[in-house]
Each structure stands twice: as structure tokens, then as C-alpha cells.
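Please open the model in a viewer and keep the sequence panel at hand. The tour proceeds by selections, each followed by a description of what is there.

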Amino acid sequence: MTRGPIPADWIAVDWGTSNLRAWALRNGVPCAEAQSADGMGTLTHEGYEPALLRLIEPWLVPGRVTDALACGMVGSRQGWAEAPYATVPCAPHGAFARPAVADPRLRVHIVPGLRQMRPADVMRGEETQIAGLLAHEPRFDGVACLPGTHTKWVHVSAGEVVSFTSFMTGEMFALLSQRSVLHHSIAASGWSEPDFASGIEETLTRPERLGAQLFAIRAAHLIAGADPEAARARLSGLLIGAELAGSRPYWLGREVVVIGEPALAAAYVSALGLCGLTARSLNATAMTLAGLAAAQTQLLSQRSLQ
């Protein structure tokens, strides 16, 4: 794909807190891609349209209105226009929000997130990946695991999100490895599969020991000069193991699909394998694009009924 001048049939947008990604679609196929660091967390309300236009200007045609379908934090209360949460159980996509746009060539539609009343939980962006899963597998009945900063475990059945639960595993890993006392003992990169597996097994079996096992990483480095790369893998294993212990009602005895970036998805598939479960993985970007394509189809269907 290129970023050169190319008229788009419609535009897919994944707009998170830190990054903005956009794709030009023609005949249902991505033909150009662009991204920037203009995430929701960096913009004022007046900055959204200019940030988007900086990326997609080459794809717009004078005298024609092009739809842009956007998911993610752009629809949050602090975003461009709030897209109110749909309440589960429900289909992944609800009513779109329409921010005011000055450029006459552009019409923006924001996909809403999902909320769960009890226990309280919310998601924005992941619902579009689930819509992508259902676009590929309409009869899927099982659990989608979406690892990331806040990992989601989502029960999907009969084309709907039935329930979900979130874990702050990714954020905890970042805080502990970069801003706690453990940062002296944790490498910035590297991996050890045996240490990852041992961490999984320990907290999966005894999650109440997580606090003690975390400090032991620092102690092992001070006393025995433990390898920082092995410590990084062990920290990941301990945190994911505790998450698996807490999410057991979701994955035990069910089909599980992990939707994430390849390296992180592989770690979760490996961790579930240690629990005796064979999970499969799907690429997060591919599912986001498929979900936004499903949203575009829904939009066109609504428009035809008007």
C-alpha cells in the first residue's frame, strides 16, 4: 500500500489515545495507509479534523463526499464527538456519532463502544475487532481475548457480545517494568520462554502470591545477578498467569480466539496452552479493518432505508 494520491471509496480510521491510523479503501480492499502520533490524548477538540485531513487529504475528491468510519478513543467523552456506549448484550456496533466537519469532501461516522452495567466495564475499539471476527465467522460462539494495555475477555454468542471483563495487565507490566523498583532488574527487551512459563504456572496456581513473586524478581537480581531478559519474561508470565486465574470462567471449556498484535497474541496463545487449551490467533489490524468494513455496510444499509 502507498500514501500517494488515490481516490478512496471510503476511509477506515483507528483512532486511539496515542496514535491515529487510516486506510483508503477501493472495491473493498485497502489501497493506501497512513499513520501519525496525533492520538486522542494529544489533541484539543478543534484539532481532530486538521489531524485527520493531514493523513487523508490525498484520498479525497473535490465535489464528492467521502465517508470515514472511525473507531477507538476518538468517540470517548474527551474525544472528537462522544459516541454513547451500547449496553451488552448487544451486537458489536450500535448507532454512530457524527462530529461536525468543515471540509465538504468529508463525512465522519464514529463507532460507539460497549458498556456492561454489572460488573461495571467498558470498551472502545475492541468492539470493532469483535465485529471483524463475526464478519469472518458469523456463527462464532466462544470467547475472544483481546490483549493490550487493558486486556478484554469477551463472551460472544449468536452474533452478540454477551459479557466481558477487563484486566489492566499491560498497564501493570509497563508500570512495574519502567517505574517501580523492578525497573533496575528488567531488560527493555529480550525473552526467555522457560521463565515466562514458570511465571504463568506459579500465579495461575497461587495468584494470591503475586505480590511476593514480584518482589522476588528484584531480590533474585540483587542476590544472584538474575538475567534481566529472563526477569522480563518472568514478570510477563506472573502477570498473565494472575490474569488467567481471574478469567478462568471465560476460557475454561470454551473456544478461544486471541485477537492482537502477533508477538503479544503468541504469548497469550502460549499461556493458554499451558492450561491445556489450544487457542488460535487473529491479527488485530485485519480484524479492525474487517469490523470497520462491517460498519460501512451497516451505514449504507441504514442510508438506503432513509
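A nonpolar core is a set of buried Ala, Val, Leu, Ile, Met, Phe, Trp, Tyr and Cys residues joined through side-chain atoms within 4.5 Å. The model shown here is predicted.

**First stop: the cores**

Select I11, V13, W15, I56, W59 and I110, the residues with the most contacts inside the largest nonpolar core, which has 31 residues. Then colour the elements that give two or more residues to this core: β1 (10-15), β2 (20-26), β3 (29-36), α1 (48-56), β4 (66-72) and β6 (106-110). Helix α1 provides the largest share, 6 residues. Next, centre the view on I56, which touches I11, A22 and L106 when residues up to four places away in sequence are not counted. A second, separate core holds 22 residues, and V143, Y250, V256 and A271 are among them. As a general background, nonpolar side chains in soluble globular proteins tend to be buried together.

**Second stop: the open sheet**

Now display the open sheet of 5 strands, whose order is β11-β10-β9-β12-β13 and whose pairing is mixed. At its edges are β11 and β13 (280-283), each of which pairs on one side only. On average, neighbouring strands of this sheet are turned by 25° against each other, direction ignored. Add helix α8 (residues 262-274) to the view: this helix lies across β9, β10, β12 (256-260) and β13, and runs at about 155° to β12.

**Third stop: strand β10**

Is strand β10 enclosed or open to the outside? Select residues 151-157: 7 of the 7 residues of β10 are buried, so the strand is largely enclosed by the rest of the structure. Show the side chains as well. T151, W153, H155 and S157 point one way, K152, V154 and V156 point the other way, and all are buried. In a regular strand, side chains alternate between the two faces of the sheet.

Which strands pair with β10? On one side, select β9 (residues 142-146), which pairs with β10 in the antiparallel sense over 5 bridges. Within this pairing, V143 has H155 as its bridge partner. The two strands β9 and β10 form a hairpin with 4 residues between them.

Then select β11 (residues 160-167), which runs antiparallel to β10 and is joined to it by 7 bridges. Two positions may be labelled here: K152 stands opposite S166, and T151 has F167 as its bridge partner. The hairpin of β10 and β11 has 2 residues between the strands, and in this hairpin A158 takes a positive phi near 55°.

**Fourth stop: helix α2**

Move to helix α2 (residues 126-136). Of its 11 residues, 9 are buried, so the helix is largely enclosed by the rest of the structure. To see the buried residues, select E126, E127, T128, Q129, I130, A131, G132, L133 and L134.

**Last stop: G241**

Finally, select G241, which is placed in helix α6 (residues 228-246). Why does G241 count as buried? Its relative accessible area is 0%, and buried means under 20%. Leaving out residues up to four places away in sequence, G241 touches I200, T203 and L204. A distance may be drawn to close the tour: the C-alpha atoms of G241 and T169 are separated by 9.9 Å, while the two residues are 72 residues apart along the chain.

Notes
Residues are numbered from 1 along each chain as its sequence is written. This is a predicted model: local features need pLDDT of at least 70, side-chain atom pairs count only at pLDDT 80 or more; totals for chains, interfaces and linings use all residues. Side-chain values use heavy atoms; hydrogens and water are left out. Buried means under 20% relative accessible area, exposed over 50%, partly exposed in between (1.4 Å probe, protein chains only). Two strands pair if DSSP finds at least two bridges between them. Contact means heavy atoms within 4.5 Å. Axes are lines fitted to C-alpha atoms, for helices over the stretch in contact, and angles run from 0 to 180 degrees between N-to-C directions.
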